[in-house]
Amino acid sequence: MLKGRLLLFLFLCMFLSACRGGQKEEEKASIRIGISLYRGEDTFINNICGILEEKAKEYERESGIKVVLDIQDAKGSQNVQNNQVERFISLGCDVLCINPVDRMDASVIIDRAMTAGVPVVFFNRQPVEEDMNRWDELYYIGVDAKETAVLQGKMVVDLYREDAGAVDLNGDGVVSYVLLEGETSHQDSLIRTEWSVRTLKNGGVPIEKLTGGIANWERSQASALMEQWLAAYPDTIELVVSNNDDMALGAIDAMERAGVTGVNVIGIDGTTPGLEALESGKLLGTVSANKELYASVILELAASCALGEEPPEEYPLEGGTYYWTPQEILIRENKD
Ligand code: GAL
């Protein structure tokens with residue numbers, strides 16, 4: 001009896017090691033990743049994509065596996081993106097990295113990927129939970145929107161506590177602010193708006209909203225809104241709270257045109273132009289996700305999917321699905 005079990009055990013061991021050997025022989029020499037961006041012109045997405053390309057080269061050098069990135073711009077159209085996915089699959093992509101145009105409508109992409117057995121790493125625009133739960137080969141990489149907003153509010157709270165006059169510019173006991181919001185359908189816009197304002201209030205900054213508007217993450221749209229607000233509330237705006245850096249820069253453009261100075265502007269993203277504005281003192285502060293890490297996780301998770309391996313251990317996935325990129329406050333050293 002014991003001998004029989006021992007033999008069975010030995011046989012199992014040999015069988016498993018033969019299987020592993022077989023897998024090794026089949027190891028891929030190259031992987032193909034299909035990437036679709038919701039809008040290639042978006043500054044933050046553009047920044048992430050640039051780093052992703054560098055990470056792919058780094059991965060190639062380190063692993064000896066060739067990485068082919070097929071990057072496509074959906075230019076704001078879900079239909080175009082669906083066709084891109086179709087094409088990626090027909091070209092034999094091993095994995096897809098999708099920045100969905102319409103996060104509520106990822107089901108077509110998921111259907112296609114599931115049928116073809118091609119894993120999907122979504123990023124930045126979070127598909128709804130119901131969609132994400134449909135298959136265990138779906139992942140999401142992004143930042144925690146509430147955390148971002150709390151950090152954005154906190155930078156002004158800290159400044160106010162240190163030097164109230166640096167925030168309440170006219171010293172009337174009220175900080176009059178305007179608010180620039182991103183796309184209405186984006187999870188980040190609503191949560192960022194709500195929690196930035198709440199953090200300011202809870203932190204004891206006596207804020208009063210003058211007005212606000214949707215500028216869809218875009219610099220030019222924000223600039224047009226700010227131009228109107230400067231005319232409607234002359235010498236009144238003390239703080240511009242923006243859901244991202246690009247819209248913050250739009251507000252700064254409008255103020256420069258109108259010759260207005262001294263207003264505090266806060267953004268989110270830490271994009272290249274955002275950081276330049278911080279450096280030159282035009283932007284008071286921003287909340288920046290660790291973009292190196294953001295791109296590394298997308299690339300390495302995608303590569304592990306493409307190779308049929310387990311997700312990389314160094315990037316813990318919440319519930320086996322979600323990765324939340326750490327972020328930090330960047331504030332200009334000296335207001336003057
Ligand atoms: C946000 C980012 C915005 C914009 C948007 C696109 O997370 O802050 O600047 O890039 O994603 O989905």
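User: What makes a pair of atoms a polar contact?

Analyst: A polar contact is a pair of N or O atoms within 3.5 Å; within protein, one atom must be able to donate a hydrogen and the other to accept it, and residues adjacent in sequence count only if both atoms are side-chain atoms. The model is predicted: local features need pLDDT of at least 70, side-chain atom pairs count only at pLDDT 80 or more, and totals for chains, interfaces and linings use all residues. Residues are numbered from 1 along each chain as its sequence is written, and side-chain values use heavy atoms, leaving out hydrogens and water.

User: How far does a polar side-chain atom of Arg192 lie from an oxygen atom of the ligand?

Analyst: The distance is 2.8 Å; the limit is 3.5 Å, so the pair is a polar contact. For Arg125, a polar side-chain atom likewise lies 2.8 Å from a ligand oxygen, and for Asp188 a side-chain N or O atom is 2.7 Å from one.

User: What share of the ligand's accessible area does the protein cover?

Analyst: The protein covers 99% of the 310 Å² that the ligand has on its own (Shrake-Rupley method, 1.4 Å probe).

User: Which residues are around the ligand, and why are they called near?

Analyst: They are Tyr38, Asp42, Phe44, Asn124, Arg125, His186, Asp188, Arg192, Trp217, Asn244 and Asp269. They are called near because each has a heavy atom within 4 Å of the ligand.

User: Which domains supply the shell around the ligand?

Analyst: At least three residues come from each of domain 1 (10–142 + 291–326) and domain 2 (145–288), with bounds from an automatic or database domain assignment.
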